[in-house]
Amino acid sequence: MSVNSFILRLRNGDRKALEDIYKKYRTSFIKWITYTHKCTDEEAVDIFQYSILSFYENVLEESFEEMNDAGIKTYLYSIGKNKLLADNRRKSKISYQEELDEDDLFESIEEESPEKEIRIKKIKKLVEELGEPCSQILKLFYFNNLTNDEIAEVMNYKNGNTVKNLKYKCLQRIKNQL
């Protein structure tokens, strides 16, 4: 199957195409990044998840055109490499980083506002449409009141920071669609 047919299938909402891409590149990606960049298996899995999510978002946002036959693999590897390098730079720096307040992502809606119920329904629909892992992360956080660390444990991520980063990206997608 050609790379462009995968992209076309993804843009048409075919979730099986994303599963196929995930399965096709997961093992080689993890071997490659652990060997060439000396990261742990846990870090490699987290970076692969991030790469897949970023790739999928870019396909849906149509931020790139056609790719050659090695395109998806090269694209995933470059996302992963850049993410790992950015994480390593961040770890090596000592800086104050203010916690993200998710409430700032959405405007306040008064308790008695008729718009509130419509907005909540729209947000719930968007959460459902996000797909995995976004849908599950947001449900576990907002509906089940789990912490980032608890979600990381449930979803087999390295730690709560990975969940926090993914959750932020998911919330940004919702915000953009609102």
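**Helix packing and a disulfide in an all-helix arrangement**

In this predicted model, the axes of helices α3 and α8 come within 11 Å and cross at roughly 10°. Angles under 35 degrees count as roughly parallel, and α3 and α8 are therefore described as roughly parallel to each other. On the α3 side, the contact is made by Asp46, Tyr50, Leu53, Ser54, Tyr56, Glu57 and Leu60, which meet Thr162, Leu166, Lys169 and Arg173 of α8. Sorted by class, the residues of this contact between α3 and α8 divide into 5 nonpolar, 2 polar and 4 charged.

These two helices belong to a chain that has 8 helices and 0 strands, so that, read along the sequence, the pattern is α-α-α-α-α-α-α-α. Of the 178 residues of the chain, 39% count as buried, and the chain exposes about 11,300 Å², of which carbon and sulfur atoms supply 48%. Among the contacts in the chain with a separation of 6 or more, 62% are accounted for by residues 24 or more positions apart.

Helix α8, which spans residues 160-177, also packs with helix α6, residues 134-143, and here the angle is about 105°, with the axes 10 Å apart. Because angles of 65 to 115 degrees count as roughly perpendicular, α6 and α8 are placed in that class. The residues of α6 that take part are Cys134, Ile137, Leu138, Phe141 and Tyr142, and they meet Val163, Leu166, Lys167, Cys170, Leu171, Arg173 and Ile174 in α8. By class, this contact of α6 with α8 has 10 nonpolar, no polar and 2 charged residues. Leu166 and Arg173 of α8 appear in the contact with α6 and also in the contact with α3.

What joins Cys134 and Cys170, beyond their place in the contact between α6 and α8? The two cysteines form a disulfide, with their sulfur atoms 2.0 Å apart, and a pair of cysteine sulfur atoms counts as a disulfide when they lie within 2.5 Å. The pair links distant parts of the chain, since Cys134 sits in helix α6 and Cys170 in helix α8, 36 residues apart. A disulfide is a covalent bond between the sulfur atoms of two cysteines. The torsion about the S-S bond of Cys134 and Cys170 is about -80°, so the disulfide is left-handed. The count for the model comes to 1 disulfide. As for solvent exposure, Cys134 is buried, with a relative accessible area of 0%, and Cys170 likewise counts as buried, at 0% relative accessibility.

Another cysteine, Cys39, lies in the loop between α2 (15-37) and α3 (41-60). Is Cys39 buried or exposed? Its relative accessibility is 9%, and because buried means under 20% relative accessible area, Cys39 counts as buried. Leaving aside residues up to four places away in sequence, Cys39 touches Ile33, Thr34, Ala44 and Leu84. One of these partners, Leu84, is 45 residues away from Cys39 along the chain, and the C-alpha atoms of the two residues are separated by 8.5 Å.

Notes
Residues numbered from 1 in each chain as written. Predicted model: local features only at pLDDT ≥ 70, side-chain atom pairs only at ≥ 80, totals over all residues. Heavy atoms only, no water. Axes fitted to C-alpha atoms, helices over the stretch in contact; angles between N-to-C directions. Helix = DSSP H or I, 4+ residues; strand = E, 2+ residues; numbered from the N terminus. Parallel < 35°, antiparallel > 145°, perpendicular 65-115°, else oblique. Contact = heavy atoms within 4.5 Å. Nonpolar A, V, L, I, M, F, W, Y, C, P; charged D, E, K, R; others polar. Buried < 20%, exposed > 50% of the residue type's maximum accessible area, 1.4 Å probe, protein only. Areas by Shrake-Rupley, 256 points an atom, 1.4 Å probe, with all protein chains shown as cover.
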